[in-house]
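Welcome, and please take a moment to look over the sequence and the model. The report below walks through the chain as a whole and then visits a few of its residues.

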Amino acid sequence: MTLRVGVIGTGMIGKDHIRRLTQVLNGVEITAVNDIDQSSAEDAAPMGATVFETAEQLIQSEQVEAVVICSWGGAHEEQLLACIKAGKPVFCEKPMVISAEAAIKVMNAEVAYGKRLVQVGFMRRFDADYRRLKKVIDEGSLGAPLMYHSVHRNGQVPEGLYTSDMPLNDTLVHDADISRWLLSDEISGVEVRVPRRSTQGGELRDPVIVLLHMDSGVIVDVEISVNISYGYDIRGEVSCERGIAALPNRPATIITDQHGIRQAIPEDWRERFIEAYDQEFREWISAAADGGAIGPSVWDGYVSTLTADAALRAVEKGTLETLDLIDKPALYQQH
Ligand SMILES: NC(=O)c1ccc[n+]([C@@H]2O[C@H](COP(=O)([O-])OP(=O)(O)OC[C@H]3O[C@@H](n4cnc5c(N)ncnc54)[C@H](O)[C@@H]3O)[C@@H](O)[C@H]2O)c1
């Protein structure tokens with residue numbers, strides 16, 4: 001059976017997901033696209049797909065059984081609510097929404113629907129290296145995790161994302177989500193330290209060090225550098241009671257020449273996480289074809305939004321800011 005999918009937002013990642021869904025994966029036909037920039041939607045539309053003028057029309061269309069949202073974060077709330085109202089499975093890129101109030105609205109709508117429909121785009125959970133790392137921690141031979149060191153280095157900031165809050169608003173969510181998932185733990189508080197500012201980033205607050213305080217007492221330190229110039233470099237190391245478990249460096253051809261011995265570094269997230277995105281969508285297609293969702297949930301999107309909000313307060317005030325989570329609805333207890 002082929003799942004008929006509509007894609008909203010045909011910018012950088014929307015186009016990459018369209019490529020993935022049409023050229024890499026099976027079981028999907030893209031029947032509809034929409035973007036507020038009509039010409040972008042027309043350029044990105046695969047042969048035979050209808051270009052809809054509004055996201056709402058796409059969501060309502062009988063040509064669309066499931067939706068992929070790749071628009072800007074501020075547009076997600078309305079589009080998610082429309083998908084839930086229509087009872088259509090939906091994959092939504094991070095950030096799920098941009099305020100705690102919006103997250104609770106989406107959660108209430110999904111809980112009222114009575115079944116998970118929303119999957120949030122935290123692709124690291126589908127990365128084979130992170131999955132192996134989690135397996136080692138869960139097996140318990142190293143004892144309890146005590147600290148997690150997470151490094152998130154980006155070559156440069158994409159145009160349009162250049163605000164001083166970007167590292168805490170847009171980048172931190174990936175480290176926050178993977179920390180919760182890897183450690184099977186919840187974030188209770190956030191501190192931020194701002195070291196010497198990189199001259200590469202102008203007004204951007206870059207780099208930053210974020211401390212995530214977990215319910216168990218584990219502390220996660222996250223280095224976020226978004227103008228590191230040399231490439232996209234993701235690292236992670238969990239310090240446990242009786243040993244260390246770390247993400248491996250990605251395999252890459254070893255080049256030897258007059259400059260020495262070296263391995264290439266991924267240019268950006270598309271290259272580093274290419275297999276993770278593929279796997280994320282493989283699992284989404286299967287869940288959506290069954291009328292549901294898998295993996296990162298609305299609850300996870302809610303916690304990541306609260307974490308970003310707490311980090312923004314923490315950097316302004318220089319304090320430890322706590323997360324004031326609502327009770328977790330039963331719908332999300334298993335996830
Ligand atoms: N998971 C990841 O690693 C990852 C990586 C990159 C981007 N993202 C997320 O994906 C989303 C898109 O990012 P991008 O880099 O492709 O941005 P982009 O600016 O390249 O593309 C966004 C597109 O959405 C369109 N759009 C905006 N509002 C819309 C609306 N209301 N209805 C329809 N279309 C609308 C814009 O016209 C634009 O074409 C963001 O939320 C971003 O944070 C996630």
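## Contacts along the chain

Let us begin with how the chain meets itself. Among the contacts with a separation of 6 or more, 72% are between residues 24 or more positions apart. Please keep in mind that this is a predicted model.

The chain is built with 10 helices and 15 strands, and 54% of its 335 residues count as buried.

## Size and surface

How does the radius of gyration compare with that of a compact globule? For 335 residues such a globule would have a radius near 20 Å, and the chain has 20 Å, so the two agree. Along the principal axes, the C-alpha trace spans about 55 × 55 × 45 Å.

About 15,200 Å² of the chain is exposed, and carbon and sulfur atoms supply 50% of that area. The chain carries 32 positive and 50 negative charges, and the mean positions of these two groups are 4 Å apart.

## Cysteines

A disulfide is a covalent bond between the sulfur atoms of two cysteines. In this model the count of disulfides is 0. Cys92 is in no disulfide, and its nearest cysteine sulfur belongs to Cys70, 8.3 Å away. That is beyond the limit used here, because a disulfide needs the two sulfur atoms within 2.5 Å.

Is Cys92 buried or exposed? Cys92 counts as buried because its relative accessibility is 0%. Cys240 has a relative accessible area of 7%, so Cys240 is buried.

## Unusual backbone spots

Most residues other than glycine have a negative phi, and most peptide bonds are trans. Here are some places to look at with that in mind.

Two cis peptide bonds can be visited in the loops. One runs from Lys94 to Pro95, with omega near -10 degrees; Pro95 sits in the loop between strand E5 (90-92) and helix H5 (100-113). Another joins Asp206 and Pro207, where omega is about 0 degrees. Look for Pro207 in the loop that lies between strand E8 (187-193) and strand E9 (208-214).

Now for phi. Ser184 is not a glycine, yet its phi is positive, at about 45 degrees. This serine belongs to the loop between helix H7 (166-183) and E8, and Ser184 counts as exposed because its relative accessibility is 55%. Ser229, also a residue other than glycine, has a positive phi near 75 degrees; you will find Ser229 in the loop between strand E10 (219-225) and strand E11 (233-240).

## Ser150 and Glu223

Ser150 is part of strand E7 (residues 145-153), while Glu223 is in strand E10. Which residues does Ser150 meet, leaving aside neighbours within four places in sequence? Ser150 is in contact with Arg124, Asp175, Asp221, Val222, Glu223 and Arg235. With the same kind of neighbours set aside, Glu223 touches Ser150, Val151, His152, Arg153 and Val208.

Ser150 has a relative accessible area of 0% and is therefore buried, whereas Glu223, at 22% relative accessibility, counts as partly exposed. Some spacings help to place these residues. From Ser150 to Ile255 the C-alpha distance is 27 Å, with their positions 105 residues apart in sequence. Glu223 and Ala66 are 157 residues apart in sequence and 36 Å apart from C-alpha to C-alpha.

## Around helix H10

Thr305 is located in helix H10 (residues 298-317). Its relative accessibility is 6%, so Thr305 counts as buried. Not counting residues up to four places away in sequence, Thr305 touches Val97, Ile98, Ser99 and Ala100.

Where does Ser297 lie? Ser297 is in the loop between helix H9 (274-289) and H10. At 1% relative accessibility, Ser297 counts as buried. Beyond residues up to four places away in sequence, Ser297 touches Arg116, Val118, Val120 and Tyr332. Along the chain, Ser297 and Ile59 are 238 residues apart, and their C-alpha atoms are separated by 20 Å.

Key:
Residues numbered from 1 in each chain as written. Predicted model: local features only at pLDDT ≥ 70, side-chain atom pairs only at ≥ 80, totals over all residues. Heavy atoms only, no water. Helix = DSSP H or I, 4+ residues; strand = E, 2+ residues; numbered from the N terminus. Rg over C-alpha atoms; globule rule 2.2 N^0.38 Å. Buried < 20%, exposed > 50% of the residue type's maximum accessible area, 1.4 Å probe, protein only. Contact = heavy atoms within 4.5 Å. Areas by Shrake-Rupley, 256 points an atom, 1.4 Å probe, with all protein chains shown as cover. Lys, Arg positive; Asp, Glu negative; His and termini not counted. Charge placed at Lys NZ, Arg CZ, Asp CG, Glu CD.
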